[in-house]
Structure formats: C-alpha cells, structure tokens
Protein chains: 2
Amino acid sequence: MLETNPNPNLDEILIRSARLMAHRGYHGTSMRDLAEVTGRSLSGLYHYFEGKEDLLYLINKQGFTSLLDLAEDLREAGFGPTEMLKGLISRHIGFFVDHLDEMRVMMFGTLELSKDRGREINRLKEVYRQNVQKIVQAYIAEARGSGLSEVELARKTYLLFGMMNWIFGWYSSGAHGTPEDLADDIFRTFTEGCAAG
Amino acid sequence: MLETNPNPNLDEILIRSARLMAHRGYHGTSMRDLAEVTGRSLSGLYHYFEGKEDLLYLINKQGFTSLLDLAEDLREAGFGPTEMLKGLISRHIGFFVDHLDEMRVMMFGTLELSKDRGREINRLKEVYRQNVQKIVQAYIAEARGSGLSEVELARKTYLLFGMMNWIFGWYSSGAHGTPEDLADDIFRTFTEGCAAG
DNA sequence: CCGAAAACCGAACGATCGTTCGTTCTTGTA
DNA sequence: TACAAGAACGAACGATCGTTCGGTTTTCGG
C-alpha cells in the first residue's frame with residue numbers, strides 16, 4: 001500500500017486540479033482554488049504535495065508517461081507501417097479526448113517547473129516525439145519508396161502533432177464526430193490529403 | 001537609473017509585453033515586469049493603459065485584425081481555389097513567424113478578458129475561421145468534385161489550423177527551413193498527404 | 001520665454017498569493 | 001483501551017500582486 005499502489009486520493013486531486021488549471025492557467029489557479037475544488041482545506045493540500053509546482057509536475061509526468069506507454073504497447077503489437085501509424089493516431093486521440101484537461105495543462109509548457117523537473121518532462125516529450133517520428137518515417141518510406149531528409153521528416157511529424165494536439169481548442173464529441181471519426185480523418189488527411197474520404 | 005526608450009510608442013510596448021507574456025503567461029507576467037521590459041516605471045505604464053487587461057486585449061485585437069486584413073486582401077486578389085488556399089497558408093505562416101510572441105499570447109485564449117472583450121475577440125477569431133473554411137470548401141469542391149458535410153468541412157478546416165498554429169511550439173527558421181518551405185509543406189500535406197513533395 | 005498638456009515617477013494601498021505552524025480529529029493495530 | 005501515525009484544519013506569515021494618487025519632469029506651440 002506504500003509504493004506498489006498509487007494513492008487514489010492523489011489521483012483524484014490531480015484530475016480536479018488539472019480541470020481547473022486547464023481553464024485558468026498555472027499562475028491563474030491558486031492553492032485556495034485547488035483546495036476548494038478538491039474538497040480540502042488549504043493547509044490540508046500540503047499533506048499530499050510539497051507545493052504548487054508538485055501538482056504541475058505530477059500532471060505532466062503522469063500524462064507523458066501514459067502516452068509513452070501507449071506507444072510502447074503499440075510497438076509490441078508488431079503492426080506494419082500503415083497499421084502502426086493508424087493505431088498511433090487512434091490511441092493518441094483517444095487518450096487526448098479522455099484526458100482533455102490534463103492535456104491542456106501539458107501544452108502550456110514547462111517553464112513554471114524547476115530546471116531539473118522541466119528537463120525531465122521535456123525529455124519525456126522528446127522521446128515520445130521521436131517514437132512518433134519513427135512511425136511516420138516507416139510509413140513514408142513504404143508509401144513513397146524513398147526516404148525524406150531529416151528536416152523534412154521532422155517537419156512532417158510536427159504537422160501530424162499539430163493536427164492531433166490542436167483539438168484541445170475546438171473538439172467536442174457532440175459537434176465534431178466521435179474520437180474514432182476524428183482519428184480516421186486525421187489519418188486520411190495526413191496520408192492522402194484533405195480531399196480523401 | 002532605468003534605461004529608457006528614446007522614442008517609445010504604444011506598439012513598442014505591446015510587442016515587448018507580448019514577448020514576456022508569451023513565455024510566462026498572462027498571470028505569470030506582472031505589471032512590474034512589463035514596466036521594466038518597456039523601460040518605464042510601474043505607474044508610468046498606466047499613462048498608456050487602463051490596466052493589465054488592456055494589454056492582453058490590444059495584443060489580441062491587433063493580431064486577429066491583421067489576420068483578417070490578410071484574408072481580405074487575398075479575397076480581392078481574385079485567385080482560383082488552389083492559389084487562394086496556397087496564398088492563405090503562405091500569408092498565415094508568414095504573419096505567424098513574424099509575430100511569434102503575439103501569436104503565442106493569442107493562443108492562450110480569452111478567459112482572462114472581460115465578458116464583452118472576450119466575446120469581441122472570439123467573434124474576430126470565428127470570422128477568420130469562417131473565411132478560411134470557405135477557401136478550404138472551394139478547394140475541396142474543385143479537387144474532389146463533390147462537397148463535404150458541414151461537420152467534415154469544419155473538421156478539415158480545424159486540421160489545417162492545427163498544422164499552421166502548432167508551429168508556435170517548435171518552429172525555428174534555422175532548424176526547420178524557411179517560412180516558405182514550411183508553408184509549401186503544409187499546403188502539400190493538406191492537399192496531397194504526407195508522401196507528397 | 002511661457003504655460004499648459006503630456007509623460008513619467010516614487011510611494012503606498014488593499015487584496016491575494018504560496019507557504020508554514022501548532023493543533024485537533026480519525027484510524028488501525030496491539 | 002491505549003496510542004502512534006496519518007489526515008485535516010484555522011490562523012497567520014512575508015511576499016507580491018494590480019492599482020491609485022500626488023507630485024515632478026519633459027515637450028512644444030504661442
């Protein structure tokens with residue numbers, strides 16, 4: 001119960017904190033706000049966290065670790081390039097939609113974190129980006145027959161991230177289709193262009 | 001002794017403020033920070049602005065108005081659907097790269113603004129989005145021969161915005177090609193898919 | 001050179017911030 | 001029942017926040 005099982009109270013606090021921080025930003029959310037929204041007193045929060053920065057750090061670390069696990073599971077599935085790219089987009093979008101608030105927080109950047117913690121989160125982010133880039137590289141090599149330069153490949157990968165991550169600002173499952181519809185649309189647009197469908 | 005700007009104007013203050021807000025967020029940037037970076041005293045800033053929110057409002061209004069002007073100029077050029085889409089992407093990216101800090105601020109949202117001002121900015125944003133959507137619609141109608149549903153068309157437009165706007169987090173002209181290269185890549189990826197080039 | 005308008009400043013206000021402290025409830029186990 | 005440990009609390013700390021105010025300097029047409 002100490003190290004093996006995550007504290008359910010702690011996860012609940014992180015989720016509710018992310019919901020608030022997603023809409024007000026890190027500096028715009030006070031510890032008093034977080035205490036109220038988690039049903040605790042201000043000083044009671046400090047029983048679980050060393051400080052406000054802890055919350056931001058844990059939201060980021062948990063989020064990017066989950067994304068990395070998703071990519072790792074996918075790699076072990078042994079798909080071909082096309083299924084791999086399709087599966088990655090689907091899982092990324094699925095996780096995004098299920099954790100919209102945490103993802104919003106994760107996009108505000110790491111500048112509020114300490115130097116060491118900021119580096120740690122950025123490292124996780126970069127590893128995930130490289131995993132995605134390898135999948136994009138494999139797909140393009142198959143579809144195109146020849147490879148892209150490093151600059152072009154990185155750019156294409158960033159464009160894919162753009163389509164996937166920009167949804168934080170507009171997507172609602174009611175008005176813009178299911179997450180599966182969205183993932184399919186991104187896959188087809190990225191591989192065939194906007195007239196595909 | 002403060003290092004004062006010899007001939008300061010309002011635009012200069014906005015640019016320097018945006019540079020700071022882009023990296024620290026609205027709440028993370030204090031009026032004292034803004035006074036220092038603009039070479040003025042704290043109270044001296046209030047000679048130009050009614051308050052902190054004024055700065056955020058003016059940065060947003062100026063930015064979205066400029067984007068709308070760009071789209072308006074383009075519409076008067078009388079291009080066909082393909083040149084129109086290409087020109088829009090090129091101008092949007094060009095403005096983005098020239099005003100990276102302001103664009104970063106504009107993406108943090110309008111929740112810090114007053115109700116009326118927030119609505120005004122969101123209206124500008126929505127008008128610009130609809131302009132872009134019309135251009136996308138015209139292109140797809142030509143390339144595909146048939147139209148898309150409203151939901152699909154809006155989704156495609158958001159995907160294009162994703163590729164264009166996500167650059168705020170990664171693009172540097174040194175490592176990822178010129179703005180023209182980037183605009184070309186987005187155009188080709190959006191119209192033909194990632195293997196185009 | 002004058003004087004009013006504009007530009008600018010230091011000092012301070014009340015409010016809120018993150019954090020800390022000493023204390024009190026609650027709970028599990030012996 | 002006893003009692004240590006975890007959980008939660010109210011109150012207060014110094015720091016910083018946005019803003020205001022009274023006064024000083026600079027600018028510039030007459």
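Quick convention before the pictures: when I sort residues by class, Ala, Val, Leu, Ile, Met, Phe, Trp, Tyr, Cys and Pro count as nonpolar, Asp, Glu, Lys and Arg as charged, and the others, Gly among them, as polar. And when I say a residue is near a strand, I mean one of its heavy atoms lies within 4 Å of it.

Okay, housekeeping. What you're looking at is a predicted model, where local features need pLDDT of at least 70, side-chain atom pairs count only at pLDDT 80 or more, and totals for chains, interfaces and linings use all residues. Residues are numbered from 1 along each chain as its sequence is written, chains are lettered from A and ligands numbered from 1 in the order in which they are written, and side-chain values use heavy atoms, with hydrogens and water left out.

Let's do the symmetry. Chain A goes onto chain B with a rotation of 180° and 0.0 Å of shift along the axis, at an RMSD of 0.1 Å; the fit is least squares on the C-alpha atoms of residues with pLDDT of at least 70 in both copies. That's how a two-fold axis relates things. Both copies use the same surface, too: 100% of chain A's contact residues recur in chain B, with contact meaning heavy atoms within 4.5 Å.

Now the DNA, starting with strand D. It has 16 residues around it, and the closest are S41(A), S43(A), H47(A), Y48(A) and K52(B). By class, that surface is four nonpolar, eight polar and four charged residues. Of the strand D atoms within 4 Å of the protein, 44% are sugar or phosphate and the rest belong to bases.

For polar contacts, I'm taking pairs of N or O atoms within 3.5 Å; within protein, one must be able to donate a hydrogen and the other to accept it, and residues adjacent in sequence count only if both atoms are side-chain atoms. On strand D, a polar side-chain atom of H47(A) sits 2.6 Å from a phosphate oxygen. The side chain of Y48(A) puts an N or O atom 2.7 Å from a phosphate oxygen, and for Y46(B) the side-chain distance to a phosphate oxygen is 3.0 Å. The elements giving two or more residues to this surface are α3 (42-45) of chain A, plus α2 (31-37) and α3 (42-45) of chain B. Helices here are DSSP runs of H or I with at least four residues, numbered from the N terminus.

Over to strand C. Of the 17 residues around it, K52(A), S41(B), S43(B), H47(B) and Y48(B) come nearest. Here we do get base contacts: an N or O atom in the R32(A) side chain is 2.8 Å from a base oxygen, and one in the S43(B) side chain is 2.4 Å from a base oxygen. M31(A) uses a backbone N or O atom instead, 2.8 Å from a phosphate oxygen.

Let me stay on K52(A), which is in helix α4 (residues 52-76) of chain A. Ignoring neighbours within four places in sequence, K52(A) contacts Y26(A), H27(A), T29(A) and M31(A). What does its side chain reach on T29(A)? The backbone oxygen, 2.7 Å from a polar side-chain atom of K52(A).

Last stop, two helices away from the DNA story. All eight of the eight residues of α6 (100-107) in chain A are buried, so that helix is largely enclosed by the rest of the structure; buried means under 20% relative accessible area, with a 1.4 Å probe and protein chains only. Likewise, 13 of the 16 residues of α8(A) are buried, so it's largely enclosed as well.

Note on methods
Buried < 20%, exposed > 50% of the residue type's maximum accessible area, 1.4 Å probe, protein only.
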